[in-house]
Amino acid sequence: MSKSVGASRSAVLRRNAFKPIAVGMSRAPAVVSNATPASAGTVEPLMVRAARGEKVERAPCWMMRQAGRYQKSYRELAKKHPSFRERSETTELIVEISLQPWNSFKPDGVILFSDILTPLPGIGVNFDIDDNKGPIIDTPIRTLEQVKQLHAMDFSKVDFVGRALTQLRSEVNNQAAVLGFVGSPWTLATYLIEGGSTSLYKTIKTMCFSAPEVLDALLTKLADAMAEYIKYQIRAGAQCVQIFDSWGGQLPPREWEKWSGPYLKRIIASVKAEYPTVPLTLYANGSGGLLERLATTGADVIGIDWTTDMADARRRIPATQSVQGNVDPAILFASHDAIEDAVRDCLRKAGGQRHILNLGHGVLVGTPEEGVAHMFDLSKRLTYADVAQH
C-alpha cells in the first residue's frame, strides 16, 4: 500500500476490502465515490466461489476481451470517441463499455475495460497507442539510470480506474463478479524495452544476458508497482483480478523461471498478505510448456489457452487450484452445435468443479454476437450434473 496509509487502516481494509478510498497525498489512492460494501449476508458471485474452490452447480463463464470491436454497440461508441486512450481512460466510457456485454449476455464476470499499459504513467512512463502500430513508448528503458527514474505508483494518474470499478460494482450489484486486471512485469517490460509491440523480443531477450542487472531492477520495480495497483483495484471494488503474463510463453521454461516466475510470485505474495481471500488468476498465452511452473506462483486460478487440452491441463495443475478456459475463440464463428460440442468437451475435461469457463484467448474481431450469446446461454444451462449425465 501507499506509505501514507497507516497500519490500522490496512487492517480495516483487509477485513472489508471494498470500502470508499479516502483522499490522500498525490501518490495515495485517489477518491472513489459512491462505494457501497456488500452486506454481511450477501452471497458472493458464482465466479468468486468457483475460483476459491467452493462447491457450485455450474461453471461460471466470462470471456477475455468480451467488451470490444465485435460488438456493434462498441463500434458505434468508438465512432463518437475514436481515441482508444479516451475510451479506456474516461470513467464514464470505461463503465459504459464494460457493461455492454453485461447488458447483452449477462456473463458471470464483468471485466474492467482498460489496457495493461494504463498504469504506466503512474510510475513515470508515457506512452501512446497508434491504431495501426499499437503501443508506442517514446523513450524505451534500457539503462539502470532510466530504471532509477521510475517512481512508486501515483494513483492520481489512474483515478479513473478506481472510479470505474466502484461504479461497476454498484451497477452489477453482486449479480456477477467485477474483475480487475494487470500486466505481468515481464509482459510490461517487453513494451518498455522494445519500445512497442514486437514479434521477436530480440532486445529484451538479449538483455537477459547482456544487462541482467538492468532487467532485474526494472522487473522488480514493475512487480512492486503492479502489486500496489492490484490492491488499489481491490479497494475500489474488484472481486477478482487477472494477471496477464501475455508474453511469458515467449520465454523458454528455464528463462521463464528466472525472468517471469519470481516477479509474479512477488506480486501475488504481496497482494495475498493483505487480501488473502480475493482470487487472483494468472494467464499466459502459449503456456503449454509452463503450466506446472505457473501453478507454483500462488495464483488461485490458472488460465489455459486453447492449444492445451483441458484434461491434460487439469492433470498437470494441482487439484487445490482452479483452472480457467479454454474454448478455441474461433469456434464462435461456427454453428451452434459445434459451439455446444466444444463447450461440453471443455466442461467435462475440466473435472466438474474449480473451473471458470472462458475462451482460450480473447474474443476475435468479427466474431458473431450470436455465437458469443450462445456460449453464454450454454454456460447457464449446462450444470455439472447435466454434463456428467451426457
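Right after helix 8 comes Gly 195, and its phi is positive, near 90°. Keep in mind that what is on the screen is a predicted model. Helix 8 itself runs over residues 185–194, and 10 of its 10 residues are buried. Among them are Pro 185, Trp 186 and Thr 187 at the start, and Leu 192, Ile 193 and Glu 194 at the end. Notice that Glu 194 is on that buried list, and that Gly 195 then follows the helix.

Gly 195 is a glycine. Which residues have a positive phi without being glycine? Arg 65 is one of them, with phi near 60°. Lys 106 is also one, with phi of about 50°.

Take Arg 65. You will find it in the loop between helix 2, residues 46–52, and helix 3, residues 72–80. Its relative accessibility is 53%, so Arg 65 counts as exposed; the cut-off for that word is over 50%.

Now Lys 106. This residue is in the loop between helix 5 and strand 1, and strand 1 covers 109–111. At 35% relative accessibility, Lys 106 counts as partly exposed. The charged end of Lys 106 has a ring under it: it sits over Trp 102, 4.8 Å from the centre of that ring. There is another arrangement of this kind at Arg 85, which lies over the face of Phe 127, 4.0 Å from the ring centre.

That brings us to rings with rings. In general, a pair of aromatic rings is described by two things, the distance of the centres and the angle of the planes. How many aromatic pairs does the structure hold? There are seven. I will go through two of them.

The rings of Phe 105 and Phe 376 have their centres 5.7 Å apart, and the planes are at 20°, so this pair is stacked. The cut-off for stacked is under 30 degrees. Where do the two residues sit? Phe 105 is in helix 5, residues 91–105, and Phe 376 is in helix 16, residues 369–381, so the pair ties together parts that are 271 residues apart in sequence. Phe 105 and Phe 376 are both buried.

The next pair is Phe 244 with Tyr 283. Here the distance is 6.1 Å centre to centre and the angle between the planes is 70°, which is edge-to-face. Phe 244 belongs to strand 5, residues 240–244, and Tyr 283 to strand 6, residues 280–283; the two are 39 residues apart. Phe 244 is buried, and Tyr 283 is buried too.

Elsewhere, ring pairs join Tyr 74, Phe 84 and Phe 113 into a cluster.

Stay with Tyr 283 for a moment, since it also turns up in the contacts of Asp 305. Asp 305 is in the loop between strand 7, 301–303, and helix 14, 310–316. Is Asp 305 buried or exposed? Its relative accessibility is 2%, so it counts as buried. Leaving out residues up to four places away in sequence, Asp 305 touches Tyr 283, Asn 285, Gly 286, Ser 287, Asn 326 and Gly 360. Take Gly 286 from that list: it is 19 residues from Asp 305 in sequence, and the C-alpha to C-alpha distance is 6.6 Å.

Asn 326, another of those contacts, lies in strand 8, residues 322–327. The peptide bond leading into it from Gly 325 is cis, with omega near -10°.

Next, two helices that pack. Such a pair is described by the angle between the axes and the distance between the axes. Helix 7, residues 159–172, and helix 10, residues 212–236, have axes that come within 8 Å and cross at roughly 35°. The crossing is right-handed. On the helix 7 side the contact is made by Asp 159, Val 161, Gly 162, Leu 165 and Thr 166, and on the helix 10 side by Tyr 229, Tyr 232, Gln 233 and Ala 236. Sorted by class, that contact has five nonpolar, three polar and one charged residues.

Last, the chain as a whole. It has 17 helices and nine strands. Of its 390 residues, 57% count as buried. For contacts in the chain with a separation of 6 or more, 72% come from residues 24 or more positions apart. The pair of Phe 105 and Phe 376, 271 residues apart in sequence, is the example to look up on your own screen.

Notes: Residues numbered from 1 in each chain as written. Predicted model: local features only at pLDDT ≥ 70, side-chain atom pairs only at ≥ 80, totals over all residues. Heavy atoms only, no water. Phe/Tyr/Trp six-rings, centres within 6.5 Å; stacked < 30°, edge-to-face > 60°. Helix = DSSP H or I, 4+ residues; strand = E, 2+ residues; numbered from the N terminus. Buried < 20%, exposed > 50% of the residue type's maximum accessible area, 1.4 Å probe, protein only. Lys NZ or Arg CZ within 6 Å of the ring centre and 35° of its normal. Axes fitted to C-alpha atoms, helices over the stretch in contact; angles between N-to-C directions. Left-handed = near helix turned anticlockwise from the far one by under 90°. Contact = heavy atoms within 4.5 Å. Nonpolar A, V, L, I, M, F, W, Y, C, P; charged D, E, K, R; others polar.
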